[in-house]
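Visitor: I would like a close look at one part of this model. Please start with a pair of packed helices and work outward from there.

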Amino acid sequence: MTTPYPFTAVVGQTDLRLALLLNAVSPAVGGVLVRGEKGTAKSTAVRALSALLPQVDVVPGCRFSCAPAAPDPACPDGPHEPGPGAGRPARMVELPVGASEDRLVGALDIERALAEGVKAFEPGLLADAHRGILYVDEVNLLHDHLIDLLLDAAAMGASYVEREGVSVRHAARFLLVGTMNPEEGELRPQLLDRFGLTVEVAASREPAQRVEVVRRRLAYEDDPAGFAARWTGDESEVRARVVAARALLPQVRLGDTALLQIAATCAGFEVDGMRADIVMARTSTALAAWAGRTSVLKEDVRQAALLALPHRRRRNPFDAPGLDEDKLDEILDGFPDEEPEPEPDPEPEGPDDGGGDGGGVPPQGGGPETGHAPEETAAPEETAPEPQPSAPQQGGAGGAEQAAVGAAEPFRTKTLSVPGLGEGAAGRRSRARTAHGRTTGSQRPRGQLTKLHLAATVHAAAPHQKARGRVGRGLVVRRDDLRQATREGREGNLVLFCVDASGSMAARQRMGAVKGAVLSLLLDAYQRRDKVGLITFRGADAELALPPTSSVDAAAARLEKLPTGGRTPLGPGLLKAHEVLRIERLRDPSRRPLLVVVTDGRATSAGAVGGDPRELSGRSARLLAAEGIASVVVDCESGPVRLGLAGALAADLGAPAVTLDGLRADSLAGLVKNVRTAVTHTASPNSIPRRAA
């Protein structure tokens, strides 16, 4: 078995270590969500925490880790007779991103339930994590229905499994820890709210701190057991402190002044609901117990607010998480501190890296107290550079580059949908065959049965009852009688915008409306679990300004800085769209795309491809149409004399077109809504897209 990296050897990361330890002291805090870039000790610290948790006593042979002193009366392995327990270390269970629902909550053998009338239940990861840690790496990539099941179990302290009227319940109380990289997409606000605390982590930019990270990592890799042995004393000290804080926690007094401070803080920051108040109260008491006190002070409330409120203040995905500390101090300064009661000498503790807030964090054994743990020692990946402006073009529409314009105010969009029945990733957009949704039919199971179609199973078994010697009321069911339910739900899609950013598009109201529409559709995609991408073409080439993503924070920043100016390389822009969709099809063949081309249709540059610009744009459009990619063209041409070039482009794409008058911040979403198919009809140059039958 691999020797884990010691928790106390983690360099710096004060808030991360403190949040994990507070949950170890009081699991009722509700878990930790760790947000940050790659290589910042997120996974290292979480995996190391389990070694600091006290040993648990369990009923021998119980698969659900019941406590001998108070076994779960509804335990599927019960009832348990009184007797001595067996000690074992607390478990740290990891939930893979690709796990199935049965792997998480457990699997019920429907075949035995129907044929033998017994509840044959195979426990899942929730049962394994009972009285331990459940760790979800990249929690933002986990399917929504799994996150819902996970958070429901964490909130109720129990897991329920129901299959066709047969149900099993068992206790599931665990310390929930999730990690995520915000660049790969955000969690929904209601899911964020279910995590008790959140911590933002980032890699240090100080050379001395990074040197210590590398030094410790190399020492650990050279001799894991020897490195861990050097930290045994510090690990034992922190473990003893966790045990002492747990014992002291019931004695901690949360006075009226502290409660008023908590309520005033949550009200002052306009936090929705009451969960924030409850989490802050539990966190404050855990901080006091961790510091060896029996009363909650203002510094505990302040630290609790910094850990419990940042992720609850976001009104929409464009808001960055965070808390105004000056405002927090202003709110708390209006209240006096609770008078601390005389305290016994606390357990020995290490340096107070937390600046006095909440009793500090574990010692570092003499190493630097800043920096970051060596989960990955490579420097964090740099943010992709912003597109460099191309040289001013002469003789073409628009001339030199013009400054970027701001986006129009985002708005609520109508529901986008792609025609047909897909089989993509679970989402809330287009119709698709999914594991969840309404039942539309049945089929023979391929592999393990997961969703029984009871009526179809009975119908298949009924004709054979006499031949099978049925006696009494029970139905004789065999495996080949079982039928799997087929279901229809919703999938996520890819909406790819191909935007003309040349000089002819530089009018501020045009680009502002386009940016506002893209941001609005991106916000809608975030809520519906879609991907959205942005290609821009200007000057001599096209570039992928926003790779297909659900990260609205990165999208807003890229779009806000998008410049305009130069010639119009329409053909290269369409070819770039073809390349992006081809790559995405290889990565995720089941995700169906919709291409939105925003241009006046004037092709004035062929870029590096060379040749006639208009001929190139026509060939590129016909290439997209031949591959059946649903598209729509937004005609941005204006003025009394119109060439109808965008309409010709739409004909080549086999797509509908809309005039510039339709390019308003409140109509572009409706346009995409009405694009039901791009390959079954071709619109006239200035036609408004209609809903297909």
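At roughly what angle do the axes of helix 11 and helix 14 cross, and within what distance do they come?

Guide: This is a predicted model, in which local features need pLDDT of at least 70 and side-chain atom pairs pLDDT 80 or more, while totals for chains, interfaces and linings use all residues. Residues are numbered from 1 along each chain as its sequence is written, and side-chain values use heavy atoms, without hydrogens or water.

Helix 11 covers residues 256–268 and helix 14 covers residues 325–332. Helices are DSSP runs of H or I, at least four residues, and strands are runs of E, at least two, numbered from the N terminus. The two axes cross at roughly 140 degrees and come within 10 Å. Axes are lines fitted to C-alpha atoms, for helices over the stretch in contact; angles run from 0 to 180 degrees between N-to-C directions. Helix 11 and helix 14 are therefore oblique to each other (under 35 degrees is roughly parallel, over 145 roughly antiparallel, 65 to 115 roughly perpendicular, the rest oblique). Their crossing is right-handed (the near helix is turned clockwise from the far one by less than a right angle; anticlockwise is left-handed). Helix 11 makes the contact through Gln261, Ala264, Thr265 and Gly268. Helix 14 answers with Lys327, Leu328, Ile331 and Leu332. Contact means heavy atoms within 4.5 Å.

Helix 11 also packs on helix 13, residues 298–308. Here the angle is about 30 degrees, with the axes 10 Å apart. That makes helix 11 roughly parallel to helix 13. This crossing, too, is right-handed. Ala258, Gln261, Ile262 and Thr265 contribute from helix 11. Lys298, Val301 and Ala305 contribute from helix 13. Gln261 and Thr265 thus appear in the contact with helix 14 and in the contact with helix 13.

Now the sheet. Five strands form an open sheet in the order 4-7-10-1-11, with parallel pairing (two strands pair if DSSP finds at least two bridges between them). Strand 4 (92–94) and strand 11 are the edge strands, each pairing on one side only. From one strand to the next, the twist averages 20 degrees. At one edge, three bridges join strand 4 to strand 7, residues 133–136, in the parallel sense. Glu94 has Tyr135 of strand 7 as its bridge partner. At the other edge, strand 1 (residues 32–36) and strand 11 run parallel, joined by five bridges. Val32 stands opposite Leu197 of strand 11. Strand 11 spans residues 197–201, and four of its five residues are buried, so the rest of the structure largely encloses it. Buried means under 20% relative accessible area, exposed over 50%, partly exposed in between (1.4 Å probe, protein chains only).

Helix 2 lies across strands 1, 4, 7, 10 and 11. It runs at about 165 degrees to strand 10 (175–180). The loop between strand 1 and helix 2 (42–49) holds Thr40. Thr40 is buried, at a relative accessible area of 0%. Thr40 and Val201 are 161 residues apart in sequence, yet 6.6 Å apart in space, C-alpha to C-alpha.

Helix 1 is largely enclosed by the rest of the structure, because eleven of its twelve residues are buried. Among them are Thr14, Arg17 and Asn23.

Last, the whole chain. It has 21 helices and 20 strands. Of its 693 residues, 53% are buried. Among contacts with a separation of 6 or more, 80% link residues 24 or more positions apart.
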